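Work through the following exercises with the coordinates open, and try each task before reading its solution.

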Amino acid sequence: MRIADYSVTKAILERHGFTFKKSFGQNFLTDTNILQKIVDTAEIDENVNVIEIGPGIGALTEFLAEKAAEVMAFEIDDRLIPILADTLRDFDNVQVVNEDILKADLQTQIQAFKNPDLPIKVVANLPYYITTPILMHLIESKIPFAEFVVMMQKEVADRISAEPNTKAYGSLSIAVQYYMDAKVAFIVPRTVFVPAPNVDSAILKMVRRDQPLVAVQDEDFFFDIAKASFVHRRKTLWNNLTNRFGKSEDVKEKLTQALEMAGLTLSVRGEALSIADFGRLADALKDQGI
Ligand code: SAM
């Protein structure tokens, strides 16, 4: 029997008198086939350390701990800590950290792995209300995570993995794909959770690139341009850039020059630009002194 078997989950919840907290995004997985598929997708073995975010009652943690060198699981809800001590008592390679992942000093925390030099993968069924902040927190920590295999709302997974010229493509696609190759691995129906969420989910597999997708002069400026280009999706890139930098003749002249240098027309929309296009555009704007 597994923690994620519906009858076992129910018994654990009852035994500990646990009630779900919606504000923590608590939807627990009760499908062992899906859990097996997640672990297979993440290709975990004894030479990999895993960081899990939000172990809940340990449904995924159990599968991870059986394969990985070690699992470090960050759980915000203190009511779950004694439950996890109970459900995961047979494992000596799991550390549960009772902390908000967004406040955790990950650089320091990962030193607590017995072998901190092993590659680290992030595997999690994320709390959906903070999916994007968590991903950005992990990426910006500058820890060289080998990959992320994470469950999230399907719509967010589509946005992160989107290609140019699609409705889902935007600054989030660029922020993640700049560092990681992102692909939807499989879809998970809402029926396999207790309680069932209102949306379907997807497992997104993100593998770190050896180098960012494009080389740019100034990363912060590049992300700033990407963001500004999607503020009004239906407007042209030109409109969005003049909104961002102003409409003076001087700015317009510089913008015209920069677009020309980047090989872009005045009528193009942000959604048509590849990440390489955004890289060229950001560098050209910098060269123009914008
Ligand atoms: N892994 C479990 C499973 O698949 O059944 C539970 C997943 S549930 C979608 C999300 C989990 O994240 C909950 O246990 C919740 O308490 C926890 N959580 C929510 N916000 C968090 C935060 N900021 N830091 C750490 N854990 C958080």
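**Exercise 1.** Characterise the polar side of the contact between domain 1 and domain 2 in this predicted model.

*Solution.* Begin with the pairs: six residue pairs, with both residues at pLDDT 80 or more, are in polar contact between domain 1 and domain 2. Next, look for salt bridges, for which the count between the two domains is zero. Finally, sort by class the side of domain 1 that touches domain 2, which has six nonpolar, six polar and two charged residues.

**Exercise 2.** Determine how much area domain 1 and domain 2 bury between them, and which residues of domain 1 supply half of its share.

*Solution.* First fix the bounds, which the domain assignment gives as 6–208 for domain 1 and 219–287 for domain 2. The centres of these domains, taken over C-alpha atoms, are 36 Å apart, and the contact draws 14 residues from domain 1 and 14 residues from domain 2. The two domains bury about 1100 Å² between them, with 65% of that area on carbon and sulfur atoms. On the side of domain 1, Tyr 169, Ile 174 and Tyr 178 supply 50% of the area buried against domain 2, more than any other three residues.

**Exercise 3.** Describe the surroundings of the ligand, from its neighbours to its polar atoms.

*Solution.* Start with the 24 residues around the ligand, of which Leu 29, Gly 54, Glu 75, Asp 100 and Asn 125 come nearest. Then take the polar atoms one by one: a ligand oxygen is 2.9 Å from an N or O atom in the side chain of Gln 26, while a ligand nitrogen lies 3.5 Å from a polar side-chain atom of Glu 52. A nitrogen atom of the ligand is also 3.3 Å from a polar backbone atom of Ile 76. As a last step, consider coverage: the ligand on its own has 600 Å² of accessible area, and the protein covers 99% of it.

Note on methods
Residues are numbered from 1 along each chain as its sequence is written. This is a predicted model: local features need pLDDT of at least 70, side-chain atom pairs count only at pLDDT 80 or more; totals for chains, interfaces and linings use all residues. Side-chain values use heavy atoms; hydrogens and water are left out. Domain bounds come from an automatic or database domain assignment. Contact means heavy atoms within 4.5 Å. Buried area is the accessible area (1.4 Å probe) that two parts lose on being put together, summed over both. A salt bridge is a side-chain nitrogen of Lys or Arg within 4 Å of a carboxyl oxygen of Asp or Glu. A polar contact is a pair of N or O atoms within 3.5 Å; within protein, one must be able to donate a hydrogen and the other to accept it, and residues adjacent in sequence count only if both atoms are side-chain atoms. Ala, Val, Leu, Ile, Met, Phe, Trp, Tyr, Cys and Pro count as nonpolar, Asp, Glu, Lys and Arg as charged, and the others, Gly among them, as polar. A residue is near a molecule or strand if one of its heavy atoms lies within 4 Å of it. Accessible areas come from the Shrake-Rupley method with a 1.4 Å probe; for residues, only the protein chains shown count as cover.
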